[in-house]
Amino acid sequence: SDSMKSAQMTSDFLCCPVLAGRECTIEICKGNLGLGLSIVGGCDTVLGAVIIHEVNDGGAAQIDGRLRAGDQILEVNGIDLRKATHDEAIGILRLTMQQVCLHIFRHQEVYREEDQWDVFSLSLRPRPGEGLGLTTVGKWPRMYKTVTLKRGSTGLGFSIVGGFGSPHGDLPIYIKTIFNKGAAIEDGRLKCGDQIIAVNGHCLEGMTHAEAVDILKKTKSTIILTVLS
């Protein structure tokens with residue numbers, strides 16, 4: 001019967017795994033815990049999609065165990081998030097009831113370990129009494145990462161350079177300096193030269209230096225940076 005088929009589908013959604021490279025639908029029971037997800041991205045950001053930033057400890061998603069950071073949320077209870085802005089996606093997730101049906105896509109790993117290096121063979125003949133004089137350098141691709149900082153009494157602890165209309169032309173926003181005190185050096189993941197793509201889900205593309213500084217200054221205790229490193 002239709003009711004039996006519906007019950008079977010619900011059961012499947014409650015236990016089916018999330019596999020890389022495939023879209024799948026899962027169902028999570030929130031109970032009194034809350035869903036326990038934070039997201040970045042949206043159609044109004046450079047990411048162009050709604051991505052799980054963090055699965056919070058103690059929430060329904062963490063207890064369920066199938067979702068992880070980096071998963072793309074395509075639909076929530078049948079509502080399409082593919083063209084949703086960041087704020088729209090947050091609003092939709094906040095309005096979910098006890099049973100939450102999520103349509104998810106998990107990307108394949110982009111890089112394999114063997115792709116990270118140039119591999120070659122060579123033969124060297126050092127001169128008597130001299131070393132080879134070589135330094136080997138890894139070939140690491142630039143990758144997106146999300147860094148969450150908690151602003152303390154010493155501030156975020158970094159300065160930026162670039163921006164639309166800068167003296168050097170229309171540039172992205174880059175981290176110029178990591179100060180000796182502040183959230184950035186305590187966290188340890190940001191580096192000079194990292195490009196800041198978004199701040200708390202808001203894209204910095206096309207912003208002037210002053211506009212980017214203003215956004216960073218207005219952030220409260222927690223700031224989520226999407227960075228190209």
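**Exercise 1. Find the salt-bridge network that Glu75 belongs to, then work through the other salt bridges.**

Step 1. Glu75, Asp80 and Arg82 hang together as a network of salt bridges. Keep in mind that this is a predicted model.

Step 2. How many salt bridges are there by this rule? The count comes to 8.

Step 3. Now take aspartate 64, whose salt-bridge partner is arginine 66, with 2.8 Å between the closest N and O atoms. Are the two residues buried or exposed, or something in between? Aspartate 64 has a relative accessible area of 26%, so it is partly exposed. Arginine 66 comes in at 11%, and because buried means under 20%, it counts as buried.

**Exercise 2. Work out which lysines pair with aspartate 194, and describe the setting of each partner.**

Step 1. Start with lysine 145: it forms a salt bridge with aspartate 194, and the closest N and O atoms are 3.8 Å apart. This pair ties together distant parts of the chain, 49 residues apart. Aspartate 194 sits in the loop between helix H4 (183-187) and strand S10 (195-199), while lysine 145 belongs to strand S7 (residues 144-150).

Step 2. Then look at lysine 191, whose side chain also meets that of aspartate 194 in a salt bridge, at 3.8 Å from N to O.

Step 3. Compare how accessible the three are. Aspartate 194 is buried, at 2% relative accessible area. Lysine 145 is partly exposed at 23%, and lysine 191 is partly exposed at 42%.

**Exercise 3. Take apart the largest nonpolar core, using isoleucine 73 as your way in.**

Step 1. Which members touch the most others? Out of 24 residues in the core, the answer is Leu67, Ile73 and Leu102.

Step 2. Next, ask which elements give two or more residues to this core. They are strands S1 (23-29), S2, S3 (50-55), S4 (72-76) and S6 (99-105), plus helices H2 (60-64) and H3.

Step 3. Zoom in on isoleucine 73. Skipping neighbours within four places in sequence, isoleucine 73 is in contact with Leu37, Ile39, Val50, Ile52, Leu81, Leu93, Leu102, His103 and Ile104.

Step 4. Don't stop there: apart from this core lies another, of 19 residues, including Ile160, Ile173, Leu225 and Val227.

**Exercise 4. Describe the second largest pocket, then place serine 38.**

Step 1. The second largest pocket has a volume of about 270 Å³. Its lining is made up of Lys30, Gly34, Leu35, Gly36, Leu37, Ser38, Ile39, Ile90, Leu93, Arg94 and Thr96. Strand S2 (37-41) and helix H3 (86-94) are the elements that give two or more residues to this lining.

Step 2. Sort the lining residues by type: 5 are nonpolar, 4 polar and 2 charged.

Step 3. Now serine 38, one of the lining residues, which has its place in strand S2. Is serine 38 buried or exposed? At 18% relative accessibility, serine 38 counts as buried, because the cut-off is under 20%.

Step 4. What does serine 38 touch, not counting residues up to four places away in sequence? Its contacts are Ile51, Ile52, His53, Glu54 and Asn56.

**Exercise 5. Put the whole chain in view.**

Step 1. Count the elements: the protein has 5 helices and 12 strands.

Step 2. Check burial: 36% of the 229 residues count as buried.

Step 3. Finish with contacts between residues at least 6 apart in sequence; 61% of these join residues at least 24 apart.

Note on methods
Residues numbered from 1 in each chain as written. Predicted model: local features only at pLDDT ≥ 70, side-chain atom pairs only at ≥ 80, totals over all residues. Heavy atoms only, no water. 1 Å grid on protein atoms, 1.4 Å probe; cavity = no way out; pocket = protein on both sides within 12 Å on 5 of 7 lines; lining within 4 Å. Points joined across faces, edges and corners; volume = space filled by probe spheres on them. Helix = DSSP H or I, 4+ residues; strand = E, 2+ residues; numbered from the N terminus. Nonpolar A, V, L, I, M, F, W, Y, C, P; charged D, E, K, R; others polar. Salt bridge = Lys/Arg side-chain N within 4 Å of Asp/Glu carboxyl O. Buried < 20%, exposed > 50% of the residue type's maximum accessible area, 1.4 Å probe, protein only. Core = buried A, V, L, I, M, F, W, Y, C linked by side-chain atoms within 4.5 Å. Contact = heavy atoms within 4.5 Å.
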